[in-house]
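User: I am new to this protein and would like a close look at a single part of it, the second largest pocket, together with any unusual backbone spots in the loops that follow the elements lining it. Please take me through it carefully.

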Amino acid sequence: MSKSPKNIIARPPYPTLPKTLTGINGLDEITEGGLPTGRPTLICGEAGCGKTLMSIEFIVRGAVEYNEPGVFVAFEEKSDELTANVASLGFDLKKLQDEKKIRIDHVHIDRSEIEETGEYDLEGLFIRLGYAIDSIGAKRVVLDTLENLFAGLDKLAVLRTELRRLFGWLKEKGVTAIITGERGEGTSLTRQGLEEYVSDCVILLDHRVINQISTRRLRIIKYRGTVHGTNEYPFLIDEEGISVLPVTSLKMTSRASTDRLSTGIAALDDMLGGKGLYRGGSVLVSGTAGTGKTSLAASFANETCSRGEKCVYFAMEESPAQIVRNMRSIGMDLQKHVDSGLLYFNASRPNLYGLEMHLVAMHKCIKKYQPDVVIIDPITNFINIGSVSEVKNMLVRMIDFLQQEQISVMFTALSLNTIVNEQTDEGVSSLVDAWILVRDIEFNGERNRGLYVMKSRGMKHSNQVREFIITDAGLTLVDVYLGPDGVLTGSARKQQALMEETSEAIRTQAMSRKDREILRKRKVLEAKIDSLNTEYESVEEELNKVYLEEELKKQILAKNREVITKLRRGGAAEDTQKPEEQKRGKRGQK
């Protein structure tokens, strides 16, 4: 017997660990809500990986965005040095200190003083730190870095005891704390090898240089009491602080739109079912050099901006000024869209960053400008800084992110007669929704462009090759001529068209001459038919005349006979009547 919905007991939701938002772009998504509230978090890594910057941004974002005052205790840099170092990121620490939103305290540790006394504990630090917390009502605390705090302590047992006391004291104060530490040797995350065990959350920062290109990565080693992202995530340090790329989900849950977008070329839209591409989809335009891939991408951008929508154009080969100038020669004015703010160019050489850093930079730019369409021209340049599989993984992340945001994307790819480029085309083409191939067609001593749709998911599309023509008035597609010698394009197609027009004119002339001859014969025949009709009517009239005369004679004869008959009958009656009248006369006389 099935249970009714009323009899089903709902399971109470599990309590969630309280978390504090960091305000750092992407980090809150990876940690699914921020750092553990009222607990210490360890950020460790080698020199130059961004530990101090991440911790100071945690303090500043908390004070400015979440109204949570913070205390920053520096054991290396002085307050004025730290203020000057982060001013380039737009952080005004002096102003925040004047407003009692943050407090920066520099603690100097002298190893010689520790050796002279022979004793070491953190009681003085607790008093100093407690006063700083209470003076502004701090909710966040940063200690940067632990190595300087315990620099003069050689006894491991005392170090462990004091370290546990420090973490326990921070928990008792109920502050959300970040402690930075330097990377240890071998597999150890820290030099002391104990901090990672007593911390509730451990974040490892890494700075790698591969093929002369540096990349910073972040990984959450542990996070007690909650789920979190476990992968390595690239992060970028720029003029706006730290940005982490939170590409964590492998679930394909993005919605599929049925809206269609024009490519800017009416004939190409016709090849794609008459309505263009799906909104939020991805399309790859590949071809050899000089086939017009950038022109197709610019046409898509121009059409997007003409609809009043935003477009971000990532240019990997040409500067924005070059693209605007070149497109002006084919009838497209992209500068007006740049001036209106609808079109934004982001131009950089692939060697500027590693693959993951490019992904972070693109992710940040897209989040900032919120475009409707993104163009990356070309993606094959990424092969110079990564393998085919790495480029494919990067593009998978990019496509997944754009699909989640319902942003349409167009990639261009340069095709060469090399295995690497063929693998790139094949690898990327399996990821995108539509694939447009532009190729060279060489015939009759000239090179022309041919375009066809390799695939287009979810819509009917043409399987025919079209000649792709670039003129001063823009881009267009025309039907190619299929003859005995194959596909004809360019002047061969025009010559064939002229020959067909000439043949058609000759055929029309011949048909016209035959039509006139037939018309003349028809007129002669019609004249003969008229003459025969007239003759026939004359004969018919003569026959009718005879028939009428005979009929008239018959009628007259019949009438005469009738009269004669009546006359004969009338005379006999008169003769009979006369004797009777004579007899009656005689009787009267008597």
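**The second largest pocket and its neighbouring loops**

Analyst: N67 is exposed, with a relative accessible area of 64%. In this predicted model, N67 belongs to the loop between α2 and β4 (70-74), and its phi is positive, about 55 degrees, although the residue is not a glycine. Most residues other than glycine have a negative phi, and most peptide bonds are trans.

The helix before that loop, α2 (51-65), is one of the elements that supply at least two residues each to the lining of the second largest pocket, and the others are β10 (233-238), β11 (241-244), β16 (343-347) and α14 (355-369). The pocket holds about 490 Å³ of space and is lined by 28 residues, of which L236, D238, A361, K364 and C365 lie nearest its centre. By character, the lining divides into 13 nonpolar, six polar and nine charged residues. The element that gives the most to this lining is α14, with eight residues.

Between α14 and β17 runs a loop that contains Q370, a residue other than glycine whose phi is also positive, near 50 degrees. With a relative accessibility of 46%, Q370 counts as partly exposed, because that class covers values from 20% to 50%.

A further backbone feature is found in the loop between β17 (373-377) and α15 (388-404), where P378 is located: the peptide bond from D377 to P378 is cis, with omega near -10 degrees.

How values were computed:
Residues are numbered from 1 along each chain as its sequence is written. This is a predicted model: local features need pLDDT of at least 70, side-chain atom pairs count only at pLDDT 80 or more; totals for chains, interfaces and linings use all residues. Side-chain values use heavy atoms; hydrogens and water are left out. On a 1 Å grid over the protein atoms alone, a cavity is a set of points where a 1.4 Å probe fits but cannot get out, and a pocket is an open set with protein on both sides within 12 Å along at least five of seven lines; lining residues have an atom within 4 Å of a point. Grid points are joined across faces, edges and corners, and a volume is the space filled by probe spheres set on the points. Helices (H or I, at least four residues) and strands (E, at least two) are DSSP runs, numbered from the N terminus. Ala, Val, Leu, Ile, Met, Phe, Trp, Tyr, Cys and Pro count as nonpolar, Asp, Glu, Lys and Arg as charged, and the others, Gly among them, as polar. Buried means under 20% relative accessible area, exposed over 50%, partly exposed in between (1.4 Å probe, protein chains only).
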